Amino acid sequence: MLLVVLWLLNLYVLFYEWRKKSLGTVLWAMLFVVFTLPHSVHLYIGDYDKTVLDTATVYAIIFIFLYSIIRFIYFYYADSPVIEFNFRDCYETPEKLFNMVFAVYLVCFLFTAITFYGKGFTLLGSSWSDTLYMKQTMIEVITGQLVVAFSGLGFVCLSKNKKLHFVICLGIYIFCLLWSKSRYNLLGFITPFIIFFIFNKDKRKVVLGITSGVFLVLLVFVFQQIRWLQDVTLVSSVGAGEILRRSFEYMKEGGGEFGLLKAFYYFIEKNNNFVNFGEGLGYIRLLLLLIPSAILKSKPRDFAIDMYKEWTHVDNPRGTMHPTLYGDTFANFGFAGCFMGLLYGLFIIFIDENIKRTQDPMIRVMKISMGCTMFVLLGRGAMYNAIFNFIIGWFVLEATYWLFCSRRNSLL
């Protein structure tokens, strides 16, 4: 019975957000994939203690219910839909603004590429572990994140029929994937296209958008298998068929994104009886986001490292564990973490309002791209990284737009 309630709530909120054309759709689609589906399988086969499974179900139900209350109140007073754009809307963006944003994107990419090769790495010869443990300065981290955050420019270039610019964006996107080996760098470039189709009035385009979303999930698993080859050049020798077979097998076994909730179960089973758990340290760190750890020594380290330590029993400062959004809030606050559904309802209202009030269509599309990436990461429980990356991209984008408007006004 509890499982039926969970399914009904998750699907209802998902379709409610979709009907209102809000990016909240992405968050609830992700939570359906990484929690509701695999959780249903575990309940069916009974491979975990029933009390643990029931606790996880009730936790998720309360979280969704509280989130829903906030969203219903918001949409009772607010206009909907949140996101509306046509494919050619970006023609309205002034050329000077487009050139400024594209220049920022290009400079960040060139800086990232030069430092990457300058440290002796090669695009095809370096492994994921090489780039993961590569020492980076703060400016290298920020410029690398901006390359990812601004990848929504690809949609803008195609919308404005700037074919050469689009090819450059596509090339940078491929470089970024091969450089970082990060699966979630797949998202920013593709998601504006998916959102455009999913929120379209044409039902055929909606079906295409949903199909593209499912394909993107599969692509994440395929990319993970490629990453585990260590050397990209081995793809041809292993073969596409074998990589696909391994991907489907891994999905069937409940690995990757389908296995994140296992850490959530573990935290429930142990009643959060771990060092630094239940103290909200992940959210305290988020509040201190703008203060460097070198200045504030008492700033907590990334709580995902603490979760990784307890899950793997290895204290590796490079290791992180993301146990879905439910697991992250539970690890931070215990069962009371389900009340964070209220906070996330308010947070998505902030994102909705920010997108609705963005007048320039190019800036709006890029915010949609960054927001989609953030909500996918949030769904899997990478709370701090998701919001940190979004804030960096949002701040630089807003600063560029403000600079453009200031210069334009000074010439009037």
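Me: Why is Lys-21 called buried?

Reply: This is a predicted model, so the value is computed from predicted atoms. Lys-21 has a relative accessible area of 14%. Buried means under 20%. The value falls under that cut-off, so Lys-21 counts as buried.

Me: Where is Lys-21, and what is its phi?

Reply: Lys-21 sits in the loop between helix 1 (2–19) and helix 2. Its phi is positive, about 55 degrees, although Lys-21 is not a glycine.

Me: Asn-271 also sits in a loop. Why is Asn-271 called exposed?

Reply: Its relative accessibility is 61%. Exposed means over 50%. So Asn-271 counts as exposed. The loop is the one between helix 13 and helix 14. Asn-271 has a positive phi of about 55 degrees and is not a glycine.

Me: How do you know whether Thr-358 is buried or exposed?

Reply: Look at its relative accessibility, which is 8%. The cut-off for buried is under 20%. Thr-358 is therefore buried. It lies in the loop between helix 17 (340–356) and helix 18 (361–379).

Me: What makes Thr-358 and Lys-367 a polar contact?

Reply: Their side chains are joined at 2.9 Å. A polar contact needs N or O atoms within 3.5 Å. The distance meets that limit, so the pair fits on distance. Leaving aside neighbours within four places in sequence, Thr-358 is in contact with Ile-363, Arg-364 and Lys-367.

Me: How do you know that the span of helix 2 agrees with what is expected?

Reply: Helix 2 covers residues 24–45, which is 22 residues. At 1.5 Å a residue, helix 2 should span 32 Å. Its end C-alpha atoms are 31 Å apart, which agrees.

Me: Where is the kink in helix 2?

Reply: The kink is centred on Phe-32. It is about 40 degrees.

Me: Why is helix 2 said to be largely enclosed by the rest of the structure?

Reply: Count its buried residues. In helix 2, 16 of the 22 residues are buried, so the helix is largely enclosed. Gly-46 follows helix 2, with a positive phi near 65 degrees.

Me: What is the reach of helix 4?

Reply: Helix 4 (residues 95–118) has 24 residues. From first C-alpha to last, helix 4 reaches 34 Å. That is close to the 34 Å expected at 1.5 Å a residue. Its buried residues include Leu-97, Phe-98, Val-101, Tyr-105 and Phe-109.

Me: Why is the pair of Tyr-266 and Phe-267 called tilted?

Reply: A search of the whole structure finds 38 aromatic pairs. In the pair of Tyr-266 and Phe-267, the ring centres are 6.3 Å apart and the planes are at 55 degrees. Stacked needs under 30 degrees, and edge-to-face needs over 60. An angle of 55 degrees fits neither, so the pair is tilted. Both Tyr-266 and Phe-267 are buried.

Me: What makes the pair of Tyr-266 and Trp-311 edge-to-face?

Reply: The planes are 70 degrees apart. Edge-to-face means over 60 degrees, so the name applies. The distance is 5.6 Å centre to centre. This pair links distant parts of the chain: Tyr-266 is in helix 13, Trp-311 is in helix 15, and they are 45 residues apart.

Me: Why do Tyr-266 and Trp-311 get the labels they have for burial?

Reply: Tyr-266 has a relative accessible area of 17%, so it is buried. Trp-311 is at 31%. That value is between 20% and 50%, so Trp-311 counts as partly exposed.

Me: What caps helix 15, and what does helix 15 pack against?

Reply: Asp-302 caps its N-terminal end. A side-chain oxygen of Asp-302 lies 3.1 Å from the backbone nitrogen of Ala-304. The buried residues of helix 15 pack against helix 13 (261–269), helix 14 (281–287) and helix 16 (324–333). Among those buried are Phe-303, Ile-305 and Met-307. His-313 follows helix 15, with a positive phi near 65 degrees.

Me: Which residues have the most contacts inside the largest nonpolar core?

Reply: They are Trp-28, Leu-153, Tyr-326, Phe-375 and Leu-378. That core has 124 residues. Among the residues Phe-375 touches are Leu-23, Val-26 and Phe-347.

Me: How many helices and strands are in the chain?

Reply: There are 19 helices and 0 strands. Buried residues make up 55% of the 412 residues.

How values were computed
Residues numbered from 1 in each chain as written. Predicted model: local features only at pLDDT ≥ 70, side-chain atom pairs only at ≥ 80, totals over all residues. Heavy atoms only, no water. Helix = DSSP H or I, 4+ residues; strand = E, 2+ residues; numbered from the N terminus. Expected span 1.5 Å × (residues − 1). Buried < 20%, exposed > 50% of the residue type's maximum accessible area, 1.4 Å probe, protein only. Core = buried A, V, L, I, M, F, W, Y, C linked by side-chain atoms within 4.5 Å. Contact = heavy atoms within 4.5 Å. Polar contact = N/O pair within 3.5 Å; in protein donor to acceptor, adjacent residues only side chain to side chain. Bend = angle between axes of the 7 residues up to and from the residue. Phe/Tyr/Trp six-rings, centres within 6.5 Å; stacked < 30°, edge-to-face > 60°.
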